[in-house]
Each structure stands twice: as structure tokens, then as C-alpha cells.
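Notebook open, viewer running. I'm jotting down what I look up as I go.

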Amino acid sequence: MSEVPPLPREQRKVDADHLRLLAIFHFVGAGLALVGLLFLVAHYSFMNVIFSNPKMWGGPKGGPPPAEFFAAFKWFYVFFGLWFVTCFALNVISGLSLLAGKRRVFSLIVAGLNCVHMPLGTILGVFTIVVLLRDSVRELYDGSG
């Protein structure tokens, strides 16, 4: 194959700046996952108080809903709790990887998962994919070992 000419110094600086910004935004995404987890815990606590307090259901229309009703919601809380913890961990690792210039494919996979979180995660995921697929950025990763 033909030899690729070396990158101009300005392009390397632009790529390094973009990777640094993406790392910062991955850390912001991790922070938003923590906020989502805190909201989920607060919501669970609120719903648990409502469903376990018989005085709240003492009106003329009857008693509380069956216990199975809230038990089904517990699976919802477990699933989304695990989802937020996973998103937090993956975004932190991806942000650290972007700063270190390592694990490019891992960051691309995390970017794909971030696209599920509309609208901010989608924007972050798309920009991460666009930057990491650039030939000049690929060359930076290949050169760093």
C-alpha cells in the first residue's frame, strides 16, 4: 500500500482537543447516569411509602392495590438501576480511555450505547463515532500502541 503522508501539526492538535472534549462529555454522561440512579432511588422510596401505607388507601373506593402490583414494579427498578450503573461505569472507562488514547473500539461501542439516551446521549454518541472514525484519529491511536 502507499505510505500515508504525515499529519500536519494543526490536525494533531485539533484531534487531541476533540478527544479531550469527548472525554469530558463522557464524564458528564456518567454524571447524568448517577443523577438518573438517584432519581430512581427517590422514586422507589416514594412509591414504597405510598404502597405500604394503608392509611393512604382508606378512602371510600376501597383498599390498596394487590401486593403483586408493586412487586412487578420492583423489577422495573432493578433493571433500570443496573442500566444506570452500567452506563456510569462504561462512560467513566470510556472517558479515561479517550484521555489516554487507548481502547478506541471500546469507546466506539460505548458511543453506540450512548445513542440510546436521547437527546444528549445520541449527540455524544454520534460525535464520538464521527471523531473516532477519522483517519487522523485512527493514526493517533495506532501510533500510541
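**Helix α3, outer side first**

I started with the face of α3 turned away from its buried side, and found the exposed residues V105 and I109 there. Worth noting up front: this is a predicted model.

Next I asked myself which residues of helix α3 (residues 104-114) are buried. My list reads R104, S107, L108, V110, A111 and N114. Looking down the axis of α3, I get those buried residues within an arc of 165 degrees, so they line one face of the helix.

**Helix α4**

I moved on to helix α4, residues 120-132, which has 13 residues. From its first C-alpha to its last I get 18 Å, close to the 18 Å expected at 1.5 Å a residue. Then I checked burial: G121, L124, G125, T128, V131 and L132 are the buried residues of α4. Seen down the axis of α4, they fall within an arc of 135 degrees, so they too line one face of their helix.

**S97 in helix α2**

Is S97 buried or exposed? I get 0% relative accessibility for S97, so it goes down as buried. S97 is part of helix α2, which I have as residues 67-100. I also looked for a polar partner, and the side chain of S97 makes a polar contact with the side chain of R103 at 2.9 Å. Setting aside neighbours within four places in sequence, I noted that S97 touches K102, R103, F106, S107 and Y141. One of these, S107, is already on my list of buried residues in α3.

**L90, also in helix α2**

L90 is another residue of helix α2 that I looked up. Its relative accessible area is 21%, so I logged L90 as partly exposed, given that buried means under 20%. With neighbours within four places in sequence left out, L90 is in contact with F106, V110 and L113. V110 is among the buried residues of α3, and F106 also turned up in the contacts of S97. I then checked L90 against A30: the two are 60 residues apart along the chain, yet their C-alpha atoms are separated by 7.9 Å.

**Aromatic rings**

How many aromatic pairs are there? I count four aromatic pairs. F76 and F80 form a tilted one, 4.9 Å centre to centre with 55 degrees between the planes. They sit four residues apart in helix α2, so about one helical turn separates them. F76 is partly exposed at 38% relative accessibility, and F80 is partly exposed as well, at 30%. F80 pairs with F79 too, this time edge-to-face, at 5.1 Å centre to centre and 85 degrees between the planes. For F79 I get 51% relative accessibility; the exposed class starts over 50%, so F79 counts as exposed. Putting the rings together, I have one aromatic cluster made of Y44, F76, Y77, F79 and F80.

**Cysteines**

Last lookup of the day. How many disulfides does the structure hold? I found zero. I still checked two cysteines for accessibility: C87 is buried, with a relative accessible area of 6%, whereas C115 counts as partly exposed at 24%.

Definitions and conventions. Residues are numbered from 1 along each chain as its sequence is written. This is a predicted model: local features need pLDDT of at least 70, side-chain atom pairs count only at pLDDT 80 or more; totals for chains, interfaces and linings use all residues. Side-chain values use heavy atoms; hydrogens and water are left out. A disulfide is a pair of cysteine sulfur atoms within 2.5 Å. Buried means under 20% relative accessible area, exposed over 50%, partly exposed in between (1.4 Å probe, protein chains only). Helices (H or I, at least four residues) and strands (E, at least two) are DSSP runs, numbered from the N terminus. A polar contact is a pair of N or O atoms within 3.5 Å; within protein, one must be able to donate a hydrogen and the other to accept it, and residues adjacent in sequence count only if both atoms are side-chain atoms. Contact means heavy atoms within 4.5 Å. Rings of Phe, Tyr and Trp (its six-membered ring) pair if their centres lie within 6.5 Å; planes under 30 degrees apart count as stacked, over 60 as edge-to-face and the rest as tilted. The arc is that of the directions from the helix axis to the C-beta atoms. The expected span of a helix is 1.5 Å times one less than its number of residues.
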